[in-house]
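Hello, everyone. Please have a look at the structure on the screen, and then we will walk through it together.

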Amino acid sequence: MAVRMEKTESAVDVRRIYRALALDEKLDGVDLRVFLYLFSRLDFRTFVPVPQMEIAQELDRRKEHVSRSIRKLKEKGMIIPGPKVDRS
């Protein structure tokens, strides 16, 4: 899986996104940790492949939890799925 986050033009936009994440009662701590991990890998120009298993290992969470968090973040428009990455 590859993800990309929308490019923001200013720190004000980033603060708006963080506030929306913080106030969303349907997001939990794992969702926020996944978002922050993905944000740390961010490249505004291209999609960055980030395997869910990598995220799970780094955050010491089960892959199922990471998958659920990614689904929720996609539904909220916080991350954009990229093209499927060939695993061979």
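One definition before we start. Helices and strands here are DSSP runs, numbered from the N terminus, with at least four residues for a helix and at least two for a strand. With that in hand, we can place a residue such as Asp 60: it is found in the loop between H3 and H4. Keep in mind that this is a predicted model.

Now the overall layout. The protein has 4 helices and 3 strands. Going along the sequence, the order is β-α-α-β-α-α-β. There are 88 residues in the protein, and 31% of them are buried. What about contacts along the chain? Take those between residues at least 6 apart in sequence: 69% of them join residues at least 24 apart.

Let's go inside. In soluble globular proteins, nonpolar side chains tend to be buried together. Here, the largest nonpolar core has 18 residues. Which of them have the most contacts inside it? They are Leu 21, Val 34, Phe 35, Ile 55 and Leu 73. Four elements give two or more residues to this core: helix H1 (11-23), helix H2 (29-40), helix H3 (52-59) and helix H4 (63-75). H2 gives the largest share, 5 residues.

Look at Val 34 for a moment. Leave out residues up to four places away in sequence, and Val 34 touches Ile 55, Leu 59, Val 66, Ser 69, Ile 70 and Leu 73.

Ser 69 is on that list, so let's turn to it, citing its burial as the cause of its label: Ser 69 counts as buried because its relative accessibility is 0%. Its place is in helix H4. With the same kind of neighbours left out, those up to four places away in sequence, Ser 69 touches Val 30, Asp 31 and Val 34.

Another residue to find is Leu 38, in helix H2. Is Leu 38 buried or exposed? Its relative accessibility is 3%, so Leu 38 counts as buried. Now find Ile 79. Leu 38 and Ile 79 are 41 residues apart along the chain, yet their C-alpha atoms are separated by 8.7 Å.

Next, how two helices meet. Two packed helices are described by the angle between their axes and the distance between the axes. H2 and H4 pack at an angle of about 80 degrees, and their axes are 9 Å apart. So H2 is roughly perpendicular to H4. Which residues make the contact? From H2 come Val 30, Asp 31, Val 34 and Phe 35. From H4 come His 65, Val 66, Arg 68, Ser 69, Ile 70, Lys 72 and Leu 73. Sort the residues of this contact by type, and you get 6 nonpolar, 2 polar and 3 charged.

On to charges. Side chains of opposite charge can pair when their charged atoms come close. How many salt bridges does the structure hold? It holds 7. I will show you three.

Start with Glu 54 and Arg 41. Their closest N and O atoms are 2.3 Å apart. Glu 54 lies in helix H3, and Arg 41 lies in the loop between H2 and strand S2 (48-49), so the pair ties together parts that are 13 residues apart in sequence. Glu 54 is partly exposed, at 22% relative accessibility. Arg 41 is partly exposed too, with a relative accessible area of 27%.

Then comes Arg 62 with Glu 64. In this salt bridge the closest N and O atoms are 3.3 Å apart. Arg 62 has 51% relative accessibility and counts as exposed. Glu 64, at 49%, is partly exposed. Why do the labels differ? Because exposed means over 50%.

The last pair is Arg 71 and Glu 75, with the closest N and O atoms 3.8 Å apart. Both are in helix H4, 4 residues apart, so about one helical turn separates them. Arg 71 is partly exposed at 43%, and Glu 75 is exposed at 60%. There is also a network: salt bridges that share partners join Asp 28, Asp 31, Arg 68 and Lys 72.

Finally, back to Asp 60 in its loop between H3 and H4. Its phi is near 55 degrees, a positive value in a residue other than glycine. At 66% relative accessibility, Asp 60 counts as exposed.

Thank you. I am happy to take questions.

Key
Residues numbered from 1 in each chain as written. Predicted model: local features only at pLDDT ≥ 70, side-chain atom pairs only at ≥ 80, totals over all residues. Heavy atoms only, no water. Core = buried A, V, L, I, M, F, W, Y, C linked by side-chain atoms within 4.5 Å. Buried < 20%, exposed > 50% of the residue type's maximum accessible area, 1.4 Å probe, protein only. Contact = heavy atoms within 4.5 Å. Salt bridge = Lys/Arg side-chain N within 4 Å of Asp/Glu carboxyl O. Axes fitted to C-alpha atoms, helices over the stretch in contact; angles between N-to-C directions. Parallel < 35°, antiparallel > 145°, perpendicular 65-115°, else oblique. Nonpolar A, V, L, I, M, F, W, Y, C, P; charged D, E, K, R; others polar.
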